[in-house]
Amino acid sequence: MSNAAAVDLLEHEEMEEGPVSSSISRSWYHYVLIAAALLFTAISLGFVGTIFWSSWPTWIHHGVTLLTGKGWTSPNGPFGGLAMITGTLETSLIALVIAVIIGLGTSISIVFFIPRRFRTIVATLVELLAAIPSVVYGLWGLLVIAPWMQTTVNPWLNSWPFAKEIFGNSGQEFGTSLLLASIVLGIMILPTFVAISREVIAVVPQDLMEASLSLGATRWQMIREVVLPTAKIGLFGATFLALARATGETVAVALVAGSVANVQFHLLYPGTSIAAWIATEFGESQGNEVSALMALGVILMVLNVCLALISRSLVSRQRRALARV
Amino acid sequence: MSDLLDLEEPKDTGHEMRDEIRKTSERSRARRQATSRVMVILCSLALLIAAVPLVLLMYQLFRQGASQVDWTFFTKLPTTPTLLSPNATGGISNDIIGTIALTIYASILAIPVGVLVGVYLAETESKLATTLRVVSQTMAGAPSILMGLFAFSLIVHDLNVGFSSIAGSFALAVLMLPVIIISTEIAVRNVPLTLREAGLALGAKPHKVSLRIVLPTALTGIVTGVILAISRAVGETAPVLLVIGGGYTNSWKPFDPVSAMPLAIYENAKSEWPAQRAQVWGIALVLVIFVFILSLTARIWASRKQQVRN
């Protein structure tokens, strides 16, 4: 999701419910508004319904193998989604670890350590970076990072003891791998995470921080003991939003993961993710496979809605907690 | 005498204890400050680590992209390189026209509905409004490939329209809708209550107040949201990938297959011709500049709104 929308979402949470004006009912204007609302209802129902309906034949014929089966044969199956599901989880979780560790430090630096006059510039830059289309990140990963991984990073990783057993052999032809996909994803969701976590940290009440400093806490003690605990839930919300973005990312992963539907825990080997597999397979798919790809879409949708609901409830809990302070 | 000794002794230990405490607290402060310094350095390091790949990305984009962009790049159709002319990549006029056409049709579809739904959410109170608010927030975070699947099932397959610019626009419109709805609702709710009350006090009907006073006041905020939605849609690859068909002609017609800049980047990045892979940087540069201009415009609009209010 775009970072702007994410930030809006934070602001959106603040709205108290209820109308701001007295009733506007019984005018043509009211009916126009209701018509638009009903149209949007129809679109959102159609959105879920159409994808689910198109995937129905696959759910009937293949059922649970879509979640647990290995191997994907076009055009008549078997259609096993396990490789895509594990690929999605592996890449997005590693990306999340990268983005959260670096992003948290970055947000703290932006809010506390950067001179005040540079803050707006840095914040604007972060938002611009979050607006870069994901295909550009994918392109950069494929044409710049993949060759570099291939010639430098992968052999270096393989020179460690036991690394071959953990990461797999680095002899891949193009350098595209699950590890590369995770790194590119991590770089991609970093601006999203920073944009939200920076806002969450910046709204921690000033008097809490001053109280802590006046008791003799150092800057880091203030951050660790006061700022981070106060912002905790909001930071979890930002984490889940970043995770939701990573799991749904399509073209960047499709370009750099290698597009191989194997259940793969050796990160230097190629793999794929749910969204990336839909993108790479859809062009040549016919008949049953279209329906199977729609079923993968349903899995992705369920995963995404769960993450979105968790992050929503966390962010609004943070709002309420801060309102009490 | 023994009383006196008893009195002296605690006094002595007290002195030693004070010294001890002072020393300990100095040591503790030194340690705490050292930790603090180390953590400040680590955080700044994180900022640097975060900046390096992004700076490298922008550097590559401008260095490799700028040399690709010239007049024919914008005006010619793409050609496939052959063994005899491996550098003949042509231009990307079809991609640019496709992107602009997709964006315009998607805006025509999404803006009216999105703004009206946003106003509905802000102006009325009902179960439907509460539900739609949650739905729009969830849809704003939905993976964009799902919009492609939706447009494929509904427009390309069920309505039998085929791979076309209108199917891509539909997918992008679904993508833009929640962003427009959310920002419109925020903009309308942010209109000061006193303005509404002034209108109502003058005897204007509630819908007149909404149309003549609230909407014009909220306009800057709404426009900002619309521009943000467009800047998101322009760069999206996944939704259009499945439905626009990738046409090689300059076509503005809604029912023709078209290409788009993100799609061209996606397809040509995997090309076996070095010249085509090099050209991709040019397309990416144009796309990124396009998106940056849109985002900056939105930010400037937003800050203008702030100034007007202050």
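The following exercises, each with a worked solution, concern a predicted model containing chains A and B.

**Exercise 1. Describe the interface between chain B and chain A by its residues in contact, its buried area and the classes of its residues.**

Solution.
Step 1. Begin with the contacts: 92 residues of chain B touch 91 residues of chain A.
Step 2. Turn to area. The size of an interface is often expressed as the accessible area lost when the parts come together. Here the two chains bury about 8,100 Å² between them, and 78% of this lies on carbon and sulfur atoms.
Step 3. Examine how the area is shared. B:Gln137, B:Arg189 and B:Tyr266 supply 7% of the area that chain B buries against chain A, more than any other three residues.
Step 4. Count the polar terms. Between the chains there are 10 residue pairs in polar contact, both residues being at pLDDT 80 or more, and 1 salt bridge.
Step 5. Locate the main contributor on chain B. Helix α1 (residues 2–66) gives the most to the side that touches chain A, with 19 residues.
Step 6. Classify that side of chain B: 61 residues are nonpolar, 19 polar and 12 charged.

**Exercise 2. Identify the partners of the salt bridge between B:Arg299 and chain A, and place them in their helices.**

Solution.
Step 1. The partner of B:Arg299 is A:Glu127, with the closest N and O atoms 2.7 Å apart.
Step 2. B:Arg299 belongs to helix α11 (residues 274–309) of chain B and A:Glu127 to helix α5 of chain A, so the pair joins two chains.
Step 3. Compare each accessibility with the limits for partly exposed, 20% and 50%. B:Arg299, at 31%, is partly exposed; A:Glu127, at 22%, is also partly exposed.
Step 4. Check the helix that carries A:Glu127. The 16 residues of α5 (residues 116–131) of chain A should span 22 Å at 1.5 Å a residue, and the end C-alpha atoms are 24 Å apart, which agrees.
Step 5. List the buried residues of this helix: A:Val122, A:Ala123, A:Thr124, A:Val126, A:Leu128, A:Leu129 and A:Ala130.

**Exercise 3. Analyse the salt bridge between B:Glu185 and B:Arg189.**

Solution.
Step 1. The side chains of B:Glu185 and B:Arg189 meet at 2.9 Å, N to O.
Step 2. Both residues lie in helix α6 of chain B, 4 residues apart, or about one turn of the helix.
Step 3. An α-helix has 3.6 residues a turn, so residues three or four places apart point the same way.
Step 4. Both B:Glu185 and B:Arg189 are buried.
Step 5. Extend the analysis to shared partners: salt bridges join B:Arg133, B:Glu185 and B:Arg189 into one network.

**Exercise 4. Determine the phi value, location and accessibility of A:Ser259 and of B:Asn160.**

Solution.
Step 1. Most residues other than glycine have a negative phi.
Step 2. A:Ser259, which is not glycine, has a positive phi near 50°. B:Asn160, likewise not a glycine, has a positive phi of about 55°.
Step 3. A:Ser259 sits in the loop between α11 (251–256) and α12 (274–282) of chain A. B:Asn160 sits in the loop between α5 (144–158) and α6 (165–189) of chain B.
Step 4. With a relative accessible area of 28%, A:Ser259 is partly exposed. B:Asn160, at 64%, is exposed, because exposed means over 50%.

Note on methods: Residues numbered from 1 in each chain as written. Chains lettered and ligands numbered in written order. Predicted model: local features only at pLDDT ≥ 70, side-chain atom pairs only at ≥ 80, totals over all residues. Heavy atoms only, no water. Contact = heavy atoms within 4.5 Å. Buried area = accessible area lost by both parts, 1.4 Å probe. Salt bridge = Lys/Arg side-chain N within 4 Å of Asp/Glu carboxyl O. Polar contact = N/O pair within 3.5 Å; in protein donor to acceptor, adjacent residues only side chain to side chain. Nonpolar A, V, L, I, M, F, W, Y, C, P; charged D, E, K, R; others polar. Expected span 1.5 Å × (residues − 1). Buried < 20%, exposed > 50% of the residue type's maximum accessible area, 1.4 Å probe, protein only.
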